Every structure is written in structure tokens, then in C-alpha cells.
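User: Please take a close look at a single helix in this model. Walk me through its geometry, its surroundings and its partners.

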Amino acid sequence: MRSERALRLIIRDSLRGLDLDLPLNVTQLCDRYGARRGRPIKLIAHPLPAGMPNGVWLAASDADYFFYQENTTPVHRDQIIIHEFGHMIAGHQMLGDLAAAALAEPDPDDADAALARTCYSDEREWEAEMLASLIITWATEAREAVGHTAQHQGLRGIQRVLGGHRGWL
């Protein structure tokens, strides 16, 4: 199991240069990280069955897909998506192979079957949850210090020069 320090380094390397806005927007995080990797991350709300995880990361030939529980609050949705992002940046291997077409417009039976095949070890779950918690803590502390990221590029540059919302990143 990696130390908290090692996990912070993973976050720092993964988020560096993404120029994320505050408050943190999970769609922007996934879009910018996916663009940098040259492989989009698609977010799909799905009514995940009871007894299943609240989120799942599946890779297809054309993109990565984060399925998240459709029936939840926005705060919990963000936690789920950032948790799946944590699996990705930690390099955790996921199980399950589906065609991209099946993921883009999931048939409930096919999606449920694919989700049922996806599992991680407890150690990987701990790492993903710790990564998510660290990212959310960073974003919360940065937002409390800075407020919202300036939309004007000149002001945004001044925020960056003054330390902006980078925190320990």
C-alpha cells in the first residue's frame, strides 16, 4: 500500500498544468485530464443496482467511462466520480471489456452484467478513496482561500502568480 506522501505525488503529477477552476468541477477535471491523455473520459449516470459499487471505471477502445450512481446527491456524485478518477491516476487495473457502443448507450442488462464483473482489492479501494479525499480537501481549502477562479485571463494570471488555487500542487 502506498503512503499518503506517495498518493499526494500522484495527485500533483496528475493535476499539474490542468488549470482547474474553483470550485472544482468534476466534468472539467475529467475533460482536461482526458484531453491531456488523448483519451476522453465519459461520465455516465446509471441506476446502479443495490449491492453494487456506487461507481465503476471501465475502459473501452475509444475512451474511459465512469459510471456513477444516478440516484444520489450532487456532492455524492462528485465523490464517486473523483473516486473513480483516483483509480485511474493510481493505475489500477479494471476488469470487464465492453464495446464502446455498448458503453455510450448502455442497455440495462448489458451494463449491469459488465458492472458486476468489475472489482478491486480492498487496498486499491483504500487508495482510490484516499486520492479522492485528498483532491476534495485540496479543492475545498483552495476555494476557501481564493473563492472562485477569475474568468478574466489577466486576473487569472494574477491569481496564479500570487499562489492562486494551487495549494500544495
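Analyst: The expected span of a helix is 1.5 Å times one less than its number of residues. Take helix 3, residues 74-90, as the part to examine. This helix has 17 residues, so the expected span is 24 Å. The end C-alpha atoms are 24 Å apart, which agrees. Note that the model is predicted.

Next, the setting. The protein chain has 7 helices and 3 strands. From the N terminus, the order is α-α-β-β-β-α-α-α-α-α. Of its 169 residues, 41% count as buried. Among contacts with a separation of 6 or more, 65% join residues 24 or more positions apart. The chain exposes about 8,800 Å², and carbon and sulfur atoms supply 52% of that area.

How enclosed is helix 3? Buried here means under 20% relative accessible area. By that cut-off, 12 of the 17 residues of helix 3 are buried, so the helix is largely enclosed by the rest of the structure. The buried residues are D78, I80, I81, I82, H83, E84, F85, G86, H87, M88, I89 and A90. Just after the helix, G91 takes a positive phi of about 80 degrees.

Now I82, which lies in helix 3. Its relative accessible area is 3%, so I82 is buried. Beyond four places in sequence, I82 is in contact with L24, V26, L29, A132, I135 and I136. I82 and L131 are 49 residues apart in sequence, yet their C-alpha atoms are 8.1 Å apart in space.

F85 is the next residue to follow. Leaving out residues up to four places away in sequence, F85 touches L15, L29, Y33, F66 and I135. L29 and I135 are also among the contacts of I82. In general, nonpolar side chains tend to be buried together in soluble globular proteins. The largest nonpolar core here has 30 residues. Within this core, L15, F66, F85, I89 and I135 touch the most other members. Helix 1 (4-15), helix 2 (26-37), strand 3 (64-69), helix 3 and helix 6 each supply at least two of its residues. A second, separate core has 7 residues, including V56, L58, A60 and F67.

The end of helix 3 brings in a charged partner. A90 is buried, and E127 touches A90. E127 sits in helix 6, residues 122-146. At 3% relative accessibility, E127 counts as buried, because the limit is 20%. The side chains of E127 and H92 are joined by a polar contact of 2.9 Å. Beyond four places in sequence, E127 also touches M1, R2 and L7.

Last, confidence. The mean pLDDT of the chain is 81, and 69% of the residues reach 70 or more. Among the elements, helix 2 has the highest mean pLDDT, 97. Helix 4, residues 100-104, has the lowest, 48. Over residues 114-118, pLDDT stays under 50. The model has 17 contacts beyond four places in sequence for that stretch.

To sum up, helix 3 has the expected span and is largely enclosed. Two of its residues, F85 and I89, are among those that touch the most other members of the largest nonpolar core.

Note on methods
Residues are numbered from 1 along each chain as its sequence is written. Side-chain values use heavy atoms; hydrogens and water are left out. Helices (H or I, at least four residues) and strands (E, at least two) are DSSP runs, numbered from the N terminus. Buried means under 20% relative accessible area, exposed over 50%, partly exposed in between (1.4 Å probe, protein chains only). A polar contact is a pair of N or O atoms within 3.5 Å; within protein, one must be able to donate a hydrogen and the other to accept it, and residues adjacent in sequence count only if both atoms are side-chain atoms. Contact means heavy atoms within 4.5 Å. A nonpolar core is a set of buried Ala, Val, Leu, Ile, Met, Phe, Trp, Tyr and Cys residues joined through side-chain atoms within 4.5 Å. Accessible areas come from the Shrake-Rupley method with a 1.4 Å probe; for residues, only the protein chains shown count as cover. pLDDT is the predictor's confidence in each residue, from 0 to 100.
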